[in-house]
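Subject: Structure handover

Hello,

Please find the structure below. My notes on it follow.

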Amino acid sequence: MELIDNLTLGFQTALTLQNLLYCFTGVLLGTLIGVLPGLGAVPTIAMLLPITYALTPVSALIMLAGIYYGAQYGGSTTSILVNLPGESSSIVTCLDGYQMARNGRAGAALAVCAIGSFFAGTIATMIVAGFAPPLTELAMTFGPAEYFSLMVLGLISAVVLAHGSLIKAVGMIVLGLLLGMVGMDVNSGVARFAFGITELYDGINLVPLAMGLFAFSEILANLEHGAKREVFTSKVSGFWLSRQEVREAAPAIVRGTLLGSGLGLLPGGGAVLGSFAAYTVEKKLSRTPERFGRGAIAGVAGPESANNAGAMTSFIPMLTLGIPPNAVMALMVGAMTIHNIQPGPQVMTRNPELFWGLVASMYIGNVMLLILNLPLIQIWIKLLLVPYRLLYPAILMFCAIGVYSVQNNTIDVLLTIPLGILGYVFLKLGCEPAPLMLGFILGPMMEENLRRTLLLSMGDPSIFFTRPLSAVLLVLAAALVVAVTLPAISRKRETVFVEED
């Protein structure tokens with residue numbers, strides 16, 4: 001009964017004209033940036049963070065959330081029609097989606113993406129609504145020791161699940177922690193790592209960091225590639241599925257939804273991990289695995305359902321615990337702090353309209369996407385033909401204006417230049433910037449909880465192990481470290497990421 005009352009409050013909040021408009025703007029913009037290769041949810045949200053200053057907290061989060069899960073929808077379009085993923089979570093869709101287009105079934109592939117995404121989004125939204133309240137109650141029992149241990153587990157999980165080398169992932173986490181320490185020490189008031197630059201005494205702002213590492217670096221990387229994109233088909237039709245395709249796609253959608261929903265909770269997991277895991281599962285369960293890579297509809301339905309479900313459930317740890325499981329959620333945490341909202345279990349009790357309004361907007365956004373996706377397909381195809389050389393100057397200008405508008409500070413704009421170059425170098429070296437962002441967001445929170453715990457225990461570090469929940473979290477973190485160093489697991493991990501590439 002309480003859940004129904006909460007959802008009623010959520011829909012009352014989300015169905016206001018203003019929030020409906022921002023939800024529509026978010027999902028439409030998300031689909032657009034998902035369709036256009038070279039953009040993505042993280043750079044776009046980073047660019048739009050300054051705009052959220054002028055919005056109410058509820059409207060800001062509804063729009064940013066719509067961009068995130070809308071991008072999961074849009075990314076499948078280019079995977080199927082151009083064999084070029086608009087989002088990293090849509091890479092695996094290229095394998096069978098493009099082959100279906102070559103076989104004259106582009107419409108069916110796009111239709112099963114839309115249906116699977118809507119079903120997964122609906123179920124995942126229900127999971128968020130059902131599981132968030134008990135998790136929030138659990139989080140209310142957390143003290144500073146438990147929060148510190150939880151963040152340690154989160155960062156280690158992010159390292160384990162990061163793409164590529166473990167050493168590089170650890171290095172990025174550590175660099176993020178160091179960047180988070182720049183500025184005035186909270187206790188002593190002494191400047192750290194500021195190098196005498198007074199503008200850095202308040203620390204590095206989240207917006208220029210995200211803009212440089214994600215948006216500017218992506219622009220530099222995309223300029224290396226040719227401006228022409230070969231669109232496989234200019235007219236898409238035949239959106240109806242045959243009976244055989246329905247029989248193959250339906251169980252794949254259900255399995256992908258359940259798998260993606262679970263993996264979305266993991267730090268570093270989310271939509272990308274869910275899509276690859278779902279493809280692997282479908283191929284192993286199939287009676288005709290040889291069809292995968294040649295146009296198997298289950299190879300499209302499962303991953304597309306998983307990435308949308310993972311995108312939705314990744315909101316749970318961010319909203320209930322204040323722990324961002326991926327780079328997008330890290331930016332969402334930044335958006336909340338911009339509006340003086342402390343992420344964590346207090347959000348549900350202090351800002352129930354925000355929490356439940358955001359949950360309700362996810363379902364509304366999924367309905368909007370289902371209605372918008374297929375009718376607008378011809379427009380998306382035309383957008384794919386726009387040369388990138390016409391897009392990137394406008395993106396750069398918008399980024400610079402956005403960064404400056406945050407604090408009216410030219411130093412922030414200048415800071416994006418070295419950060420953009422640094423992000424580009426990371427891309428060339430195969431280093432993911434997402435773990436750095438997680439370290440940057442969680443670093444100050446970890447330090448604060450560590451100091452608070454040691455103050456309460458009079459400097460005795462054993463408190464982390466004498467408190468049961470904290471000890472369990474640290475044991476899980478240690479088990480992850482041990483597991484990932486085992487030769488068999490290490491080889492399997494490398495094999496999985498080689499297959500992704």
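L331 sits in helix α14 (residues 327-338); helices here are DSSP runs of H or I with at least four residues, strands are runs of E with at least two, and both are numbered from the N terminus. At 0% relative accessibility, L331 counts as buried (buried is under 20% relative accessible area, exposed is over 50%, partly exposed is in between, with a 1.4 Å probe and protein chains only). Leaving aside neighbours within four places in sequence, L331 is in contact with V42, I45, A46, L49, L206 and A210, where contact means heavy atoms within 4.5 Å. The C-alpha atoms of L331 and M437 are separated by 8.5 Å, with their positions 106 residues apart along the chain.

On provenance: this is a predicted model, in which local features need pLDDT of at least 70 and side-chain atom pairs count only at pLDDT 80 or more, while totals for chains, interfaces and linings use all residues. Residues are numbered from 1 along each chain as its sequence is written, and side-chain values use heavy atoms, with hydrogens and water left out.

Overall composition

The protein chain has 23 helices and 2 strands. Of its 501 residues, 55% count as buried. Among contacts in the chain with a separation of 6 or more, 80% come from residues 24 or more positions apart.

Helix α3 and helix α16

Three of the L331 partners, V42, I45 and A46, are also listed among the buried residues of α3. Helix α3 (residues 41-48) has 8 of its 8 residues buried, so it is largely enclosed by the rest of the structure. The list runs A41, V42, P43, T44, I45, A46, M47 and L48.

Helix α16 (residues 352-373) is also largely enclosed by the rest of the structure, because 16 of its 22 residues are buried. Its end C-alpha atoms are 31 Å apart, which agrees with the 32 Å that 22 residues should span at 1.5 Å a residue; the expected span is 1.5 Å times one less than the number of residues.

Nonpolar cores

Which residues have the most contacts inside the largest nonpolar core? They are L209, M211 and F315, in a core of 106 residues. A nonpolar core is a set of buried Ala, Val, Leu, Ile, Met, Phe, Trp, Tyr and Cys residues joined through side-chain atoms within 4.5 Å. Apart from the largest core lies another, of 28 residues, among them I80, M100, C113 and F292. Not counting residues up to four places away in sequence, L209 touches L179, I204, L419, L436, M437 and F440.

Helices α9, α20 and α19

L209 is also one of the α9 residues that meet α20. The axes of α9 (residues 206-222) and α20 (residues 433-456) come within 11 Å and cross at roughly 170 degrees. That makes α9 roughly antiparallel to α20. Axes are lines fitted to C-alpha atoms, for helices over the stretch in contact, and angles run from 0 to 180 degrees between N-to-C directions; angles under 35 degrees count as roughly parallel, over 145 as roughly antiparallel, 65 to 115 as roughly perpendicular and the rest as oblique.

From α9, L206, L209, A210, L213 and F214 meet P433, A434, L436, M437, F440 and I441 from α20. By class, this contact has 11 nonpolar, no polar and no charged residues (Ala, Val, Leu, Ile, Met, Phe, Trp, Tyr, Cys and Pro count as nonpolar, Asp, Glu, Lys and Arg as charged, and the others, Gly among them, as polar).

Helix α19 (residues 410-429) has 20 residues and reaches 30 Å from its first C-alpha to its last, close to the 28 Å expected at 1.5 Å a residue. Its buried residues are D412, T416, L419, G420, G423 and F426. Just after α19, G430 takes a positive phi of about 75 degrees.

Other positions

- F193 has a positive phi of about 55 degrees although it is not a glycine. F193 is in the loop between β2 (191-192) and α9, and is partly exposed at 43% relative accessible area.
- M458 also has a positive phi, near 60 degrees, in a residue other than glycine. M458 lies in the loop between α20 and α21 (463-466) and counts as exposed at 77% relative accessibility.
- T136, in helix α6 (residues 106-139), counts as buried at 3% relative accessibility. T136 touches T320, P345 and M348, not counting residues up to four places away in sequence.

Regards
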